[in-house]
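Subject: Structure for you to look at

Hi,

Here is the structure I promised to pass on. Have a look at it first, and then read my notes below.

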Amino acid sequence: MLKNKTNLYLLLAALVVVVVAVGVLVAVLNGDDEEEKKEGGDTSKSYTIGIVNIAAVINPAIDGLKEGMAEKGYTEGKNITYIYNGAVTRDNLPAEVQSLIDQKVDLIVSVTTQPSLEAKAQTADNQIPVVFATATDPLASGIVKDLVKPGENVTGVLSGQGEIRRLEWLKTVAPDIKRVYYPYNPNDASPMKTLEELKPVAETLGLEFVLVETPDEAAVLDAIANTPTDVDAIFLGPDSLVGAKYAEWVAKATELKIPTSGSSQAHVAGGVLCSYSYSPFEAGKLSATLVAQILEGANPGDLPVLTAEPQFSINLVTANAIGLEIPEDVLRQATIIIRE
């Protein structure tokens with residue numbers, strides 16, 4: 001009898017141990033699940049993000065997007081897939097967006113203004129969410145109706161260019177300039193609006209714009225080849241068509257020994273003298289905040305447009321190449337200095 005009771009106690013004790021172990025295991029698993037949800041990832045679902053871009057120089061925005069999504073629990077190859085075929089030409093832009101739609105992406109990330117407009121147009125009926133990363137002036141270009149409540153299926157990141165301050169920085173870096181070459185695409189609202197904003201500022205600074213229309217790539221290349229020899233600087237507006245040829249602009253400016261101002265930090269990294277603009281990488285990372293919220297069920301039209309803050313950057317290698325000395329007090333105000 002005693003032996004039977006002992007066996008019974010041992011059996012009950014074993015059952016208690018099993019129950020406790022199962023409870024601990026469930027708690028651990030639930031804890032992992034809660035942690036995963038807290039980070040934003042949901043490995044029970046998989047998403048496909050389509051990316052469209054026409055400016056290869058802004059590719060760091062895509063790297064920023066991926067890093068930002070990874071930090072929120074979306075791991076590439078596990079619960080998120082990116083479809084990106086590299087920067088395409090403007091002529092191929094409509095087909096590229098349509099291709100992403102045909103592949104049934106869950107969301108489209110559009111890099112710069114023109115891809116964003118095309119993505120918005122092609123998703124008007126199917127309502128695939130669109131997040132732009134970035135656009136210079138999404139209101140003026142018609143990407144959104146309001147920055148606080150964008151409406152429809154589109155939201156994104158405003159590049160926060162600070163174009164007036166950028167022109168002022170160019171004058172600060174090169175105080176002797178008078179005539180500034182400004183190539184622009186008349187079919188792009190961003191450089192057109194910027195030009196109107198800058199005209200009174202230029203007058204105050206004692207600057208004269210030398211304007212040239214560049215509606216297509218051939219016109220941009222012609223404008224570069226025929227840059228007037230009597231201009232003192234080149235100002236590349238927030239214009240993806242003009243900015244795409246930044247390397248050619250740098251070569252021409254170096255030949256003429258004149259300073260350049262670019263619309264992106266990426267331009268400065270590529271040889272443009274200076275900029276007061278956003279970081280494409282950080283803008284892309286910022287866009288991940290919106291992408292994650294949309295994948296988790298938020299309505300893009302209800303998510304306010306975010307702003308990527310501009311920073312002053314300068315390339316001392318370029319300054320040396322054109323024989324321009326940058327004062328120390330100016331360098332102390334730069335967030336990014338490229339020295340080699």
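Before anything else, a word on labels: helices (H or I, at least four residues) and strands (E, at least two) are DSSP runs, numbered from the N terminus. In that numbering, Thr134 belongs to strand β4. Please also keep in mind that this is a predicted model.

I mention Thr134 because of its backbone, so let me begin there.

**Backbone oddities**

The peptide bond that leads from Ala133 into Thr134 is cis, and its omega is near 10°. The cis bond therefore runs into a residue of β4, if you want to find it by element. The other one to look at is Thr112: its phi is positive, about 80°, although Thr112 is not a glycine. You will find Thr112 in the loop between β3 (107–111) and α4.

**The cavity**

Thr112 comes up again inside the protein. How many cavities of 30 Å³ or more are there? The count comes to 1, and the volume of this largest cavity is about 210 Å³. Its lining is made up of 22 residues, and those nearest the centre are Thr112, Thr136, Pro238, Asp239 and Ser240. Three elements, α4 (113–122), β4 (130–135) and α9 (240–243), each give at least two residues to the lining of the largest cavity. By class, that lining splits into 13 polar, 7 nonpolar and 2 charged residues.

**The pockets**

The largest pocket holds about 340 Å³ of space. It has 16 lining residues, with Ile54, Thr89, Arg90, Glu217 and Leu241 lying nearest its centre. Here the lining has 9 nonpolar, 5 charged and 2 polar residues.

The second largest pocket has a volume of about 180 Å³. Which residues line the second largest pocket? One run is Val173, Ala174, Pro175, Asp176 and Ile177; Asp232 joins in, as do Lys257, Ile258 and Pro259, and the list is completed by Ile322, Gly323 and Leu324. In this lining, 8 residues are nonpolar, 3 are charged and 1 is polar.

**Two helix pairs**

Two packed helices are described by the angle between their axes and the distance between the axes. I have two pairs for you.

Helix α6 (residues 163–173) packs on helix α7 (residues 189–204) at an angle of about 45°, and their axes are 9 Å apart. Angles under 35 degrees count as roughly parallel and 65 to 115 as roughly perpendicular, so α6 and α7 are oblique to each other. The crossing of α6 and α7 is right-handed. On the α6 side the contact uses Glu163, Ile164, Leu167 and Glu168, and on the α7 side Thr194, Glu197, Leu198, Val201 and Ala202. That contact comprises 5 nonpolar, 3 charged and 1 polar residues.

The other pair is helix α8 (residues 217–225) with helix α10 (residues 246–256), whose axes lie 9 Å apart at an angle of about 15°. With that angle, α8 and α10 are therefore roughly parallel to each other. Their crossing is left-handed. From α8, the residues Val220, Ala223, Ile224 and Ala225 meet Glu248, Trp249 and Lys252 of α10. The contact of α8 with α10 has 5 nonpolar and 2 charged residues, and no polar ones.

That's what I have for now.

Cheers

Technical notes. Residues are numbered from 1 along each chain as its sequence is written. This is a predicted model: local features need pLDDT of at least 70, side-chain atom pairs count only at pLDDT 80 or more; totals for chains, interfaces and linings use all residues. Side-chain values use heavy atoms; hydrogens and water are left out. Axes are lines fitted to C-alpha atoms, for helices over the stretch in contact, and angles run from 0 to 180 degrees between N-to-C directions. Angles under 35 degrees count as roughly parallel, over 145 as roughly antiparallel, 65 to 115 as roughly perpendicular and the rest as oblique. A crossing is left-handed if the near helix is turned anticlockwise from the far one by less than a right angle, and right-handed if clockwise. Contact means heavy atoms within 4.5 Å. Ala, Val, Leu, Ile, Met, Phe, Trp, Tyr, Cys and Pro count as nonpolar, Asp, Glu, Lys and Arg as charged, and the others, Gly among them, as polar. On a 1 Å grid over the protein atoms alone, a cavity is a set of points where a 1.4 Å probe fits but cannot get out, and a pocket is an open set with protein on both sides within 12 Å along at least five of seven lines; lining residues have an atom within 4 Å of a point. Grid points are joined across faces, edges and corners, and a volume is the space filled by probe spheres set on the points.
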